[in-house]
Amino acid sequence: MGAPPPPPWDLPRDPSPNTSAPHARPSSQAGNRHRRPATASPPRTARGAREAPELPSTHTALICVALPGLVISGQLGQLDGRGLDGFYRGGRRLLSRCQVRVAGREPVAVQARMTGADSARFVAALRASPAAGPDPDVVVERTRHADGTERITLRNTALRPLRLPLEVALGTDLAELGAIASGRAMPEVPPSVHGSGLRWASAGAAVSVTSEPPPRDALASAGLLRWELDLPPGGTAGVELRVRLDGAAPPRAAGHVGTSPLAPARAAGDDPRVGPILQAAVADLQALLLRDPAHPSDACLAAGAPWRCGMAPAEALAAARMTLPLGTRLAAGTLRALARTQLPGPAPQSGLIPGPRRDAGPFLPPGCTGTEATLLFPALLAEARRWGLPEQQTIELLPAAERCLAWLRTAVGDGPYLTDPQPGGPIRCETQAHAYRAALLGADLLDAYDRPGATDLRQWARTLRAAFRADFWVEEGAGGRPAAALAPNGRPLPQMGSAVVHLLDTGLLGSGRPAPGLLDEAQTGQLARLLGSPAMDTGWGLRGLGAEEPGYNPFGHRTGAVRVHETALAVAGLAAAGFEKEASGLLRGLLEAAEHFGQRLPEMFAGEQRSAGSAPSPHPAACRPAATAAASAVLMLTAVVGIRPDAPARTVVLRPVRGAPLGALGLTGLRVAGAPFAVRVSRLGLAMVEEVADGLQLGT
């Protein structure tokens, strides 16, 4: 495709898209309603802006996660100190080299695979007796865990006993992950002998590696540990290495099963893929859990590994919302954690949840994820209440939701639209969808507790809906399309991208009713047809930017790559709106893509068109695991079943996809109204509840 046209406004781009500064109230609203796409002179380039560093590729790496622990390995299993390889804790690399030699030689790698979200297994082989023939007679197995342990086991397959020297060369630079990602190489820190292993210390940290059994020799000058292992015929021997940060508490993953806020849901049915993808998703979500040391009962999700092992407010809220079928504890912990970050005071920004800037591609300036997070907060609280969040917890969080809603009304002023970034930024399609949903679900929440403001929110939402249907719909011969944004002068930016799926994500009201959307029925139908077209649907999922749009790049993270959670939102939204053909096609495509990623969906992959015998191409910089991608599996499978609870009214409505796109499907281990919930859908698309909380009635 040709080069993209210049953006329709003259805003300098922020050279640092991760700036977390909140944005002020817009100074004006776009009020004119033109249909001509906007044009303008090219944007200015910020002086002194540095070129973004090229991130090391991760698509072939095995990434084991149990936050705050993380270990990244190549396919060969040897950690050689290059790239991202290493054991990490809290964002610091504790060990960058761990190279095994047996009898003075490096074993030949034969297999590498993940054995869980937090562990990987590497198998290598070598000939210890060259005179015996060409076949290897020693198997070397390495089992590596994100908690900082590695077990090295040698197995003798020969008919005679073997005595083999085992050497492990160790080293570290104690570098921060951010420095590694930006290409700022650090020299290795010299080691010293420490107990049954080695120790490294710098001004910022100290790390030790110990072993069981202790080595025969520990050589600080070479960073080397040595053992002599006796292996009887058919027997094994091994050592276990433990990597520990000095002064840190014993490693314990935040997602430890005994204290996890996520129910261990399971899926089974005619489609054999549903069980593995849900199991992998729950495991990845467990691995990405974080806890605030000052508030250890509050768990939330990191955005993804390896790049984003901290909480990103908007994505943490979005993932918590998609995982409400696994219980409300994650939602409650995320809401409490973010309520503590709200900006105080009487200023226009009061109530805003701060968040970093997010790149939006070539047509729009970076947006503020704090805006999205502030709008997601009341929506998540309202829906968590429907899924069974305890009354007292809802009441405690209500003031923070009210502050979010007050910020929204202050930010829009007398106009219909919310700009982002503020002031003077574009009026983004997805921002209006978030704001509209926040207003409707927030009003519903305020009414439930006799709080003021609901009438004003609903009135503003009606004003927004009327303006949106007129201003954002770009008429064209094929039936029209929603604009990606309006420039500050009101002119539409017509590029078709996957951000429009947020128009279908309307939210849940009482009695199992989906909230009304910004589009009318005809516009919703046209959007469904556009999303199901080859220009948007790759066969594996939705492109971030349509293939026929200027600037389309199948690897562009905002200009063509498939962003998994947006495809999942489209599946759920299309199914709820009755467009089951389009929903089913996207669902099956994403499930088939998951097979090529070992059921562990990345946050994004290339938006290349599917063809016979092809496979989705990984994006070299994508997080995998990623919170929203893992949560997408939960959302899609529960959308097929159509679970719509109303715990305060003690009802649950089931609206399964009538065509049963996955055949018979059963989900167990879910949670509704604080109790286990299980449901089964037949091949005819009929749903039956198999386990439910006492007193919870099946609604109609």
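Helix α2 is largely enclosed by the rest of the structure, because eleven of its 14 residues are buried. In this predicted model, the buried members of α2 include, towards the start of the helix, Val274, Gly275, Ile277 and Leu278. Further along, Ala280, Ala281 and Val282 are buried as well, and so are Asp284, Leu285, Gln286 and Ala287. Both aliphatic side chains and the acidic Asp284 therefore fall under the 20% relative accessible area that defines burial. The length of α2, which covers residues 274-287, can be checked too: at 1.5 Å a residue, a span of 20 Å is expected, and the end C-alpha atoms are 20 Å apart, which agrees.

Helix α3 offers a companion case. Ten of the ten residues in this helix, residues 313-322, are buried, so α3 is likewise largely enclosed by the rest of the structure. The buried set begins with Pro313, Ala314, Glu315 and Ala316, continues through Leu317, Ala318, Ala319 and Ala320, and ends with Arg321 and Met322. Charged residues thus take part in the burial, as Glu315 and Arg321 both belong to the buried set.

Met322 also leads to another helix, since Met322 is among the residues touched by Ser632. Ser632 is found in helix α12, which runs over residues 627-641. What is the relative accessible area of Ser632? The value is 0%, and Ser632 is accordingly buried. Leaving aside residues up to four places away in sequence, Ser632 touches Val564, His565 and Ala568 in addition to Met322. The C-alpha atoms of Ser632 and Leu289 are separated by 16 Å, although these two residues lie 343 residues apart along the chain.

These helices belong to a protein chain with twelve helices and 35 strands. Of its 700 residues, 57% count as buried. The radius of gyration of the chain is 27 Å, which agrees with the value near 27 Å that a compact globule of 700 residues would have. Along the principal axes, the C-alpha atoms fill a box of roughly 85 × 65 × 55 Å. Contacts across the sequence are well represented: among those between residues at least 6 apart, 65% join residues at least 24 apart.

The surface and the charges complete the picture. The protein chain exposes about 27,100 Å², of which carbon and sulfur atoms supply 53%. The chain carries 71 positive and 62 negative charges, and the mean positions of the two sets are 1 Å apart.

Note on methods: Residues are numbered from 1 along each chain as its sequence is written. This is a predicted model: local features need pLDDT of at least 70, side-chain atom pairs count only at pLDDT 80 or more; totals for chains, interfaces and linings use all residues. Side-chain values use heavy atoms; hydrogens and water are left out. Helices (H or I, at least four residues) and strands (E, at least two) are DSSP runs, numbered from the N terminus. The expected span of a helix is 1.5 Å times one less than its number of residues. Buried means under 20% relative accessible area, exposed over 50%, partly exposed in between (1.4 Å probe, protein chains only). The radius of gyration is taken over C-alpha atoms; the globule rule is 2.2 Å times the number of residues to the power 0.38. Contact means heavy atoms within 4.5 Å. Accessible areas come from the Shrake-Rupley method with a 1.4 Å probe; for residues, only the protein chains shown count as cover. Lys and Arg count as positive and Asp and Glu as negative; His and the chain ends are not counted. The place of a charge is taken as NZ of Lys, CZ of Arg, CG of Asp or CD of Glu.
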